[in-house]
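Welcome! Open your viewer, and let us walk through this model one selection at a time.

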There are 2 protein chains.
Amino acid sequence: MSRRSSTRERILDAATDLFGLRGVEAVSLDVIAGEVGVAKQTLLYWFPSKDDLVQAVLESAVLELSVGVEAAIRATSDDPLDRIDAVVKAVFRQAVRRPALLGLVREISRLSAPSGDRLHEAFEPLVARAVGYLEREMAQGRLRRADPRLVAALVYATVTGIATEPEALRAVGWQPTTADLRALRSELLAFLRAALAP
Amino acid sequence: MSRRSSTRERILDAATDLFGLRGVEAVSLDVIAGEVGVAKQTLLYWFPSKDDLVQAVLESAVLELSVGVEAAIRATSDDPLDRIDAVVKAVFRQAVRRPALLGLVREISRLSAPSGDRLHEAFEPLVARAVGYLEREMAQGRLRRADPRLVAALVYATVTGIATEPEALRAVGWQPTTADLRALRSELLAFLRAALAP
DNA sequence: GCACCTCTCTACCACATGGTAGAGAAATGT
DNA sequence: ACATTTCTCTACCATGTGGTAGAGAGGTGC
């Protein structure tokens with residue numbers, strides 16, 4: 001019982017990092033097992049197939065992301081721009097602390113349709129809340145009026161695009177250091193404020 | 001001579017699409033060869049190893065992207081916001097016409113460091129020009145003053161984030177149709193205008 | 001004590017992968 | 001006409017993959 005959750009947890013943990021950073025297809029069960037320090041068979045005992053492991057990793061990652069973001073929202077003033085700030089900061093914080101988490105979102109979008117649908121389902125409640133929230137704030141004139149679904153998609157794409165791929169930003173001469181990432185985040189927030197202020 | 005370039009070209013073409021859409025590790029040489037309709041050996045004749053093929057695909061993709069963007073810039077009025085519009089539209093156009101192109105950029109950022117460096121080198125001239133351009137326009141007060149490298153990185157990340165991953169946007173309830181992608185692009189342009197106007 | 005259940009292991013398999021060896025066709029130069 | 005180079009093929013190989021079979025260690029209930 002004690003070892004039970006421990007081993008399963010450690011496998012899930014290592015798989016999250018490896019899948020998120022290197023890609024699902026690029027990481028073999030052997031590599032994950034080696035990282036955890038168990039036999040591959042042990043891994044296949046807990047997760048009957050690689051696909052099962054991928055699904056489990058996905059679910060736990062989405063959960064972790066959602067929880068972090070929701071907590072950030074609640075702990076902020078009710079000014080909509082402040083809340084958007086909080087969400088962006090929360091996502092960036094997680095991107096720095098555990099780059100694989102957002103990498104997984106990107107990764108899974110590339111996988112088969114069923115996975116994509118499950119991802120959608122997992123995010124659905126969070127997105128619905130966000131859209132409803134934006135709608136209300138826009139109606140009250142506290143945000144520039146626009147299609148809230150568009151704004152949500154835009155913020156989502158922008159934040160994940162930046163936070164997920166500091167490596168990709170090297171292509172435009174960027175250094176993926178924490179300090180530079182923070183500067184980039186500040187600039188992004190300024191952008192969002194300018195674009196969303198009423 | 002006639003078949004020469006033809007076969008090589010067709011291999012490069014198919015590999016670009018497959019690598020960009022499914023990922024480099026997920027696509028085997030057999031699949032590419034099958035798609036082109038030649039034997040795997042023929043493929044290995046033109047590109048001695050898979051890695052050589054990847055490098056060649058990368059170079060041609062960057063070239064194609066750069067050419068498209070530069071052409072869009074030249075054919076526009078000299079208002080900086082119009083030019084940014086033109087770049088964004090050019091990238092989106094390419095994203096619709098050939099989704100694999102931008103997918104490759106994302107894909108390669110995940111590969112080994114040497115590839116990332118080569119990607120950087122390939123983009124270097126284009127980026128240097130863009131940064132210099134932004135700097136001049138900001139100095140003349142035609143754009144909001146900011147760190148041009150930051151702005152370049154931000155625009156790059158945003159545009160590729162959206163244009164590359166319509167599939168990922170399904171996670172936030174988005175439909176990756178052409179019409180919706182266009183609406184998203186319009187919203188993005190409004191964002192950029194609001195954020196960059198002086 | 002003993003059956004039972006949970007957990008991890010070694011040994012093995014069928015299959016797909018990237019890559020090699022080398023032969024045969026087809027164009028090309030002289 | 002002949003030799004040579006260019007190009008594509010079939011056959012094969014070593015390796016790594018996801019997955020199976022089944023045994024053994026260690027605790028738990030009765």
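Start by selecting DNA strand C and the 17 residues around it; A:Thr7, A:Ala39, A:Gln41, A:Thr42 and A:Trp46 come nearest. A residue is near a strand if one of its heavy atoms lies within 4 Å of it. Sugar and phosphate make up 54% of the strand C atoms that come within 4 Å of the protein.

Before going on, a word about what you see. This is a predicted model, in which local features need pLDDT of at least 70 and side-chain atom pairs count only at pLDDT 80 or more, while totals for chains, interfaces and linings use all residues. Residues are numbered from 1 along each chain as its sequence is written, chains are lettered from A and ligands numbered from 1 in the order in which they are written, and side-chain values use heavy atoms, leaving out hydrogens and water.

**Strand C, close up.** Look for polar contacts (pairs of N or O atoms within 3.5 Å; within protein, one must be able to donate a hydrogen and the other to accept it, and residues adjacent in sequence count only if both atoms are side-chain atoms). Zoom in on A:Ala39, where a polar backbone atom is 2.8 Å from a phosphate oxygen of strand C. Then hop to chain B: a polar backbone atom of B:Leu29 is 2.8 Å from a phosphate oxygen of strand C, and an N or O atom in the side chain of B:Ser28 is 3.2 Å from one.

**Which helix gives the largest share of the surface near strand C?** Color H3 of chain A, which supplies four residues. Helices here are DSSP runs (H or I, at least four residues), numbered from the N terminus.

**Strand D.** Now select DNA strand D, where A:Lys50, B:Thr7, B:Gln41, B:Thr42 and B:Trp46 come nearest among 17 residues. An N or O atom in the side chain of A:Lys40 is 2.9 Å from a base nitrogen of strand D. On chain B, a polar side-chain atom of B:Thr42 lies 2.3 Å from a phosphate oxygen of this strand. Here the largest share of the nearby surface, four residues, comes from H3 of chain B.

**Chain A as a whole.** Zoom out to see 10 helices and zero strands in chain A. Of its 198 residues, 52% count as buried, meaning under 20% relative accessible area (1.4 Å probe, protein chains only).

**Last stop.** Select helix H5 of chain B, residues 80-97. Its buried residues include B:Leu81, B:Ile84, B:Val88 and B:Phe92.

Terms used:
Helices (H or I, at least four residues) and strands (E, at least two) are DSSP runs, numbered from the N terminus. Buried means under 20% relative accessible area, exposed over 50%, partly exposed in between (1.4 Å probe, protein chains only). The expected span of a helix is 1.5 Å times one less than its number of residues.
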